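Here's a walk through one chain, from its domains out to its partner. Have the viewer open and follow along.

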Amino acid sequence: MELKARRKERLDRGIKVRTEGIYAVSSLREIAYLMMPRLVLILGLLIVPLVLPNMYWQRVICIACIFALLALAFDFLAEFVGIICLGGALFIGVGGYIAGVSNSWFGLSPALTIPIATLLGAVISTLILLPCLPLRGIYFAIISLMYPLVLPRIIEALHLFGGTDGIAGLATFPNIWVDQYLIIAIVLVAVFALRRLVNEDIGLVLHGIKDNDQAVRASGMSITWYKAQAVFIAAAIGCFAGAYLSHLYGWAGISLFGLDFSILPIAACVLGGPGTLVGPVLGAFILTPLSEMLRAFGALRIVFYCLILVGFIVFKPEGLMNYFQRKYHQFEHWIEV
Amino acid sequence: MKKKTLLTLAVSMCLVLISVPSFMAGCKAPAPTGAPIILGAPLSMGHPDGVCTQDNLKLAVDEINAAGGVNVAGVMRPFQLEVIDSRDLEPGVPTSEALLVVEKLILDKKANFIIGGPIRSEAALAAMDTVSKYKTVSILSSGVLTPAYDPKVAADYEKYKYCFRTTGSSKEHIAEALTILDSLKLTYGFNKVFIMVQDVAFATAAGDKIKAGLEEKGWSVVGYEKYPSGSTDFSVGLLKARDAGAQILIPWFDMPEASILVKQWYDLKVPALPVGFMVAAEDSNAWKALEGKCAYVVHLYPKAGIARTDAIPQAEKYIDAYKKAFGGVEPGLTWVAPTSYQVVYILKDAIERAGSIDANAIIAALEKTDMLGIYGRIKFDPKSHQIVYSMDPAEGAVTTWVQWVDGKRVAVYPPKVATDTIKLPAWMKK
Amino acid sequence: MNILIYGIVNSVVFALMAVGFTLVYGVSRLPNFAHGGLYILTGFIAWTFFNTVGMNYAVAIVLSLIVTALVGAAIYQFILIRVRGMEASEIIASFAIGLALMEGLRWGGFIKRTYTLPVFVGGTVYIAGTPIDWQRLIIIGGGLAVVAFLWLFTHYTKVGLALRAIAQDERAAMMLGIDSDLSAVIALALGSALAGLAAVAILPLGNISVEAGYNVLTYAIAVCIVGGLGSWPGAVMGAFVLGFAQILTVYFIGAQWQMVVVFLAIILTLILRPSGLFGRQKELEERV
């Protein structure tokens, strides 16, 4: 008896093929096909604060955006540069403390402390991570996990910056709309800027470092310098999120270095789709409200996260965004072999 | 046929089971009729302090509701307790979680008051801004022993007047510790101490002040060690204490690893009496859990109400009620038990006197609080909203220092509350 | 004298915590970040068997070790096997499982301060004027026994030799018919059991709390990095270096710094000599 085997075949959709190159602007339909996902993202994020029932949920969106920024930074480093940075909390902590100290000791307003914290924090984070940049992935992962555990101990032991009590009473934003739209705007800017960056020359170099760093080195480029640049960018994003957080609630403390800030972005990235910079943002927006709704379960919430994380990483590593992209651009059908 | 009879039997059983309690409930005081007063409690449920607070809050709320509720200008309104897990006492959780929970309680659950937590000092300090922003009265009853809380209220009264604290500040505890040490000096002629504290704000503040106070009085402080949270080895410190001949050990710890310290102290037979704040020795099951190694440890409960004492009759009632509700266990999962139970009654008293739940009226009423509770007489300092301490339960709130002797907790200080004097460990009697 | 004895105790404690981690990494290059979770899991399982079910203490301990070994093997067989080779995913997946275990225990109600395991032998003994309790002496003895057992196991038993072969050169071992996946399962089961053994030896010194799991993972990683990831003598040496460093810091500088010392050791090692004291990775492979 003949054995009939079937396999799935994926083909690009017609409209995708028609939008290659210059033909993308040939008619409204093609433009809409390309622009639609981006418009949905932008408009969706901008409209979300307006449709939420009450202020508590608007706060949740702010927190979700913070996690989205961290997840974005993690994804950029992990998928486009090959650096696994398990310590998002480091950036939050450094950025948050710099903003807190500038505000409470020097009396600068949030409009100044946030940019200062972003840049200075990125510089400091890059400098302290610099020694491990030449090392293999696992060492960087371990040390980036360790830093957020060491720094609070040092602050605790030296009683710096308020010690275990932290710094409270910082200036906050004038109203909830500024809170939300500031961070949403930054998230959108970060997503699109990073997407543009990875298609530029420097993005190519970073991708090359991820694939085969010896080849890049052989071309005469300093790998450590490029990695440092990438870490600087990711750190700037993370430190901004940290500075924003400290002004959101008017507080900075050693719990800024908490493990939660390291784990949740990774979960969001894995869930949302690593490799597409939009996926982690989507993941953060799914996980954060989900976590709020599951609050009644207490610690079981974390167990859920971890199980989701493990499930996705093991069984569906492509994540949601990659899946959606695939469905959007391609269709599948069974054919006989 | 059989199935049908089984089904009818089951249904009728259910009906009976449902009707009995409702009948019983109907026999109690008339149910409160007004809209519930919502009490929001942001507690860290993954930690014994949080669970203890919730248990005691619930006990008090159930008692009040069963007795008819709160009389708000003639309308009987029940209390409704909303507890949300804020995870602030778990390591690695940012305080923003706790603040988000406070906001959820106020904005989403429409809480009229925030009671109980947040428990961690850092979170509570940050929450001061949040509750003040929403003009919601907050009365702390668990944790937050940092001395930084009430000066903040006093410094900016108009902004922070919504914040009240019924737990303690380590300041008063230090004064009592010094008095106890003085009495030991008189009785036994001790003059050398070794101080071991956890490296967190309230403990180091206590350690610094005790050291300064003792040195003024002529004691010799032979050592002062600060242990970071999570330390697992205290042998060096204990041996140093032994070698230097310290007669009193002053521990001030709020971390689970403190049990290692207690066990080591006992095993090494260090000839020094531990007097301090040792959470490892505060649970009612501590004797059994530590295999009796917490013997002779003198531990500070920042509020009385846990150990039986003749001086405070309300405490006896509370201990019995707790035992009845929780299956024969004595209160004292952690030291926040009596404070959490009492805070609900304080609020009830304030609401009834104010005749409304408007924040400013309640603040004024709370400042005038003067009631007898399970840890003494309850009054708030009008400027700093801190509960007033005293050595006499008829004057103010008292602590209780207890010593574990033969498996039981014996109150040894303050004198008005004590039932026995401090005993020295067997291996110290020379 | 105090320093010597308690330094040894501290070092052996670290060594016990780290040997399971280093075994798994050495054999199958899997960083098992669930180590802390398995440590605590064993403690609570032993407690449950002993207190709730009422078994004999020794039986409870043995059973809890077996349960943990099975959990470790299951973790590999069902989850880690599918992400083998992708370092990032391995780290994240194992860390997430460890976290799920610890938070699951916390949700299950194991949060009070009164969960303790009784010591094996009570009482104190004086060595050269320094008092030390029997449990700590048992830890020292047990630690040395574990190291000796591992050495004998990997040099004289068939399974142990197979594990060592895979650790040295995976391809060559596979060519000789040694199954890499089976070795990984055995290694993970053994590593988890060692974590459990560390737990039942060390936890009677204090109480069982979920927070200790995070600290254990940190210490295990610190020891392994200082000693060299994947090297067994390295783990022991690293444990002694860190153990004495901690005790000396506490003795001479102050107890405040004892945790910082451990972290500084990791960072210094990674900066100066990333392969650790006895690391098998050549510098070229790890430096770019």
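In this predicted model, the C-alpha centres of domain 1 and domain 2 of chain B sit 29 Å apart. Neither domain is one unbroken stretch of chain B: domain 1 takes 37-168 + 311-378, while domain 2 takes 171-301 + 399-428. Where they meet, 13 residues of domain 1 of chain B are in contact with 13 residues of domain 2 of chain B. On the domain 1 side of that meeting, you'll find seven nonpolar residues, five polar ones and one charged.

Now zoom out to chain B as a whole. You can count 14 helices and 16 strands in it, and its C-alpha atoms fill a box of roughly 80 × 65 × 45 Å along the principal axes. How does its radius of gyration square with a compact globule? A globule of 430 residues would come out near 22 Å, and chain B has 23 Å, so the two agree. Of those 430 residues, 58% count as buried. Take the contacts in chain B between residues at least 6 apart in sequence, and 70% of them join residues at least 24 apart.

Finally, look across to chain A. Chain B puts 28 residues into this contact, and chain A puts in 28 residues too. On the chain B side, the elements giving two or more residues are β4 (79-85), α3 (95-108) and α4 (121-133). Which of them gives the most? That's α3(B), with eight residues. By class, the side of chain B that touches chain A has 14 nonpolar, seven polar and seven charged residues.

Terms used: Residues are numbered from 1 along each chain as its sequence is written. Chains are lettered from A and ligands numbered from 1 in the order in which they are written. This is a predicted model: local features need pLDDT of at least 70, side-chain atom pairs count only at pLDDT 80 or more; totals for chains, interfaces and linings use all residues. Helices (H or I, at least four residues) and strands (E, at least two) are DSSP runs, numbered from the N terminus. The radius of gyration is taken over C-alpha atoms; the globule rule is 2.2 Å times the number of residues to the power 0.38. A residue is buried if 20 or more other C-beta atoms lie within 10 Å of its own, exposed if 12 or fewer, and partly exposed in between; C-beta atoms are placed from the backbone. Two residues are in contact if their C-beta atoms, placed from the backbone, lie within 7 Å. Ala, Val, Leu, Ile, Met, Phe, Trp, Tyr, Cys and Pro count as nonpolar, Asp, Glu, Lys and Arg as charged, and the others, Gly among them, as polar. Domain bounds come from an automatic or database domain assignment.
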